[in-house]
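Here's a walk through one model, strand by strand and contact by contact. Keep the viewer open and follow along.

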Amino acid sequence: MATITGPIDVSALRARLDRASAAAEQAGVDALLISPGSDLRYLIGAGGDSFERLTCLALPVGGTPTLVVPKLEQPGYAAIPTDELGVEVVTWVDGEDPYALVKAALKGSRTAVADMMPALHTIKLGQAIGGTQSLAGPIIRELRMRKDAAEIDALRKAGAAIDRVHARMGEFLRVGRTEREVAHDIALAIVEEGHTVAEFVIVGSGPNGASPHHRDSDRVVQAGEVVVIDIGGPVAEGYNSDSTRTYVMGEPTYDDVRDTYAVLQAAQQAAVDAVKPGVTCEEVDAAARTVIADAGFGEFFVHRTGHGIGLDVHEEPYIVSGNSLPLEAGMAFSVEPGIYLPGRWGARIEDIVVATPDGVESFNNRPHDLVVL
């Protein structure tokens, strides 16, 4: 079924459909074909999942947007004001050919399909329509990268909600508990503090903290250990939080923890300070990476400095070496350098920020200091 993400602003969605159509024309394609997921949610306010039955928004340049949807899935889209949006809804039942219905809604055969559309549907659409296929991602992401005021408000709300969870960490993270027990309680708190679901919970204690994408395990948290907590999820509007803080269980076991963490803290702040319109994504990455490398820890910073965030936890723009994209006001992304010492411990500090017309705003405002529990 479709997923409705909070109040529907018809004028904003109508503007997005118009901009998407104009962007498609500029890109030299005749239509966008969007399957359920965050792109569909961005355009009409309803997401959901793809299944073996085709659901597809056909957005032809200069034509009527048409939502082709199985009749049994139609109730999930009933709350979408399709008439006001100018979207025609065409339903189909088992035994009918939905790919022919999509073709009938088009005026040309140069189509751009959603990046995450299942191959099952991509191939059959290509066979039915003919012409050429390309990815819609490069077209849609140009719109989604630049958040409007309502999107920024939703991200600000999500940031405040996840800050409230980090403020409660002493309730959950205690010596003698397993990472999985801690993660379970954090997941409950994420919902209690205003998210619709806990999208992810990372609890990396001791040597597990040196694995950036460790989730949780039956490992018992020990006194003196450093613990990385990376958590997030969507609020009702569909926009996500993502924040990491690093904790230590009393006096650190390793003598190098505080000095090394100070390097990380300086690197994270340097990257945030670098954010403003006109600065490139790779320059923000370099601001963090230079501080860490100059301190001798370059080989232990093993991932990009950040990723865009919105309806997806990871989206454009990516704050990484080689990305020369200049920042613009409204671009929101994480700033999350880390230092990971294999077999010993790791640390990461992560805030979500947005480029403003004259600088940067952070959506996360918990202290960056190493938190002693």
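Let's start with strand E1 (residues 31-34), which runs parallel to strand E5 (residues 110-113), with three bridges joining the two. If you want a register marker, Leu 33 stands opposite Val 113 in E5. One note before going further: this is a predicted model.

E5 also runs parallel to strand E6 (residues 132-135), this time over four bridges. Val 113 turns up again here, with Leu 135 as its bridge partner in E6. To get from E5 to E6, the chain passes through helix H5 (residues 119-129), and this β-α-β crossover is right-handed.

H5 itself is worth a click. Which residues of H5 are buried? They are His 121, Thr 122, Leu 125 and Ile 129. These four sit on the same side of H5, because they cover an arc of only 100 degrees around the axis. Turn to the face pointing away from that buried side and you'll find the exposed residues Ile 123 and Gln 127.

Next up is an open sheet of four strands, in the order E7-E8-E9-E17, with mixed pairing. Its edges are strand E7 (200-205) and strand E17 (371-372), each of which pairs on one side only. As a general reminder, strands of a sheet pair through backbone hydrogen bonds, either parallel or antiparallel. Strand E8 (residues 226-232) and strand E9 (residues 243-248) go for the antiparallel sense, over six bridges.

Val 228 makes a handy anchor in this sheet. It belongs to strand E8 and stands opposite Thr 246 in E9. Is Val 228 buried or exposed? Val 228 counts as buried because its relative accessibility is 3%, and the cut-off for buried is under 20%. For a sense of distance, take Thr 64: it is 164 residues from Val 228 along the chain, and the two C-alpha atoms are separated by 49 Å.

Now for the record. Two UniProt domain features, both from an unreviewed entry, map onto the chain, and the table puts their names next to values computed from the model.

| UniProt feature (unreviewed entry) | Residues | Helix | Strand | Distance between end C-alpha atoms |
|---|---|---|---|---|
| domain: Creatinase N-terminal | 16-145 | 38% | 21% | 13 Å |
| domain: Peptidase M24 | 154-356 | 32% | 22% | 16 Å |

On to the side chains. How many aromatic pairs does the structure hold? The count is zero. Rings do get company from arginines, though. Arg 289 lies over the face of Phe 301, at 3.9 Å from the ring centre. Arg 344 does likewise with Tyr 254, lying over the ring face at 4.4 Å from the ring centre.

One backbone detail is left, and you may want it in mind when setting up torsions. Glu 316 and Pro 317 are joined by a cis peptide bond, with omega at about 0 degrees. Where does Pro 317 sit? Pro 317 is found in strand E11 (residues 315-319).

To pull the main threads together: Val 113 in E5 faces Leu 33 and has Leu 135 of E6 as a bridge partner. In the other sheet, Val 228 is the buried residue to remember, with Thr 246 of E9 opposite.

Note on methods
Residues numbered from 1 in each chain as written. Predicted model: local features only at pLDDT ≥ 70, side-chain atom pairs only at ≥ 80, totals over all residues. Heavy atoms only, no water. Phe/Tyr/Trp six-rings, centres within 6.5 Å; stacked < 30°, edge-to-face > 60°. Lys NZ or Arg CZ within 6 Å of the ring centre and 35° of its normal. UniProt positions renumbered as here; feature names shortened; annotations may be inferred. Pairing = 2+ DSSP bridges. Right-handed = clockwise from strand over helix to strand, strands pointing away. Buried < 20%, exposed > 50% of the residue type's maximum accessible area, 1.4 Å probe, protein only. Arc of directions from axis to C-beta.
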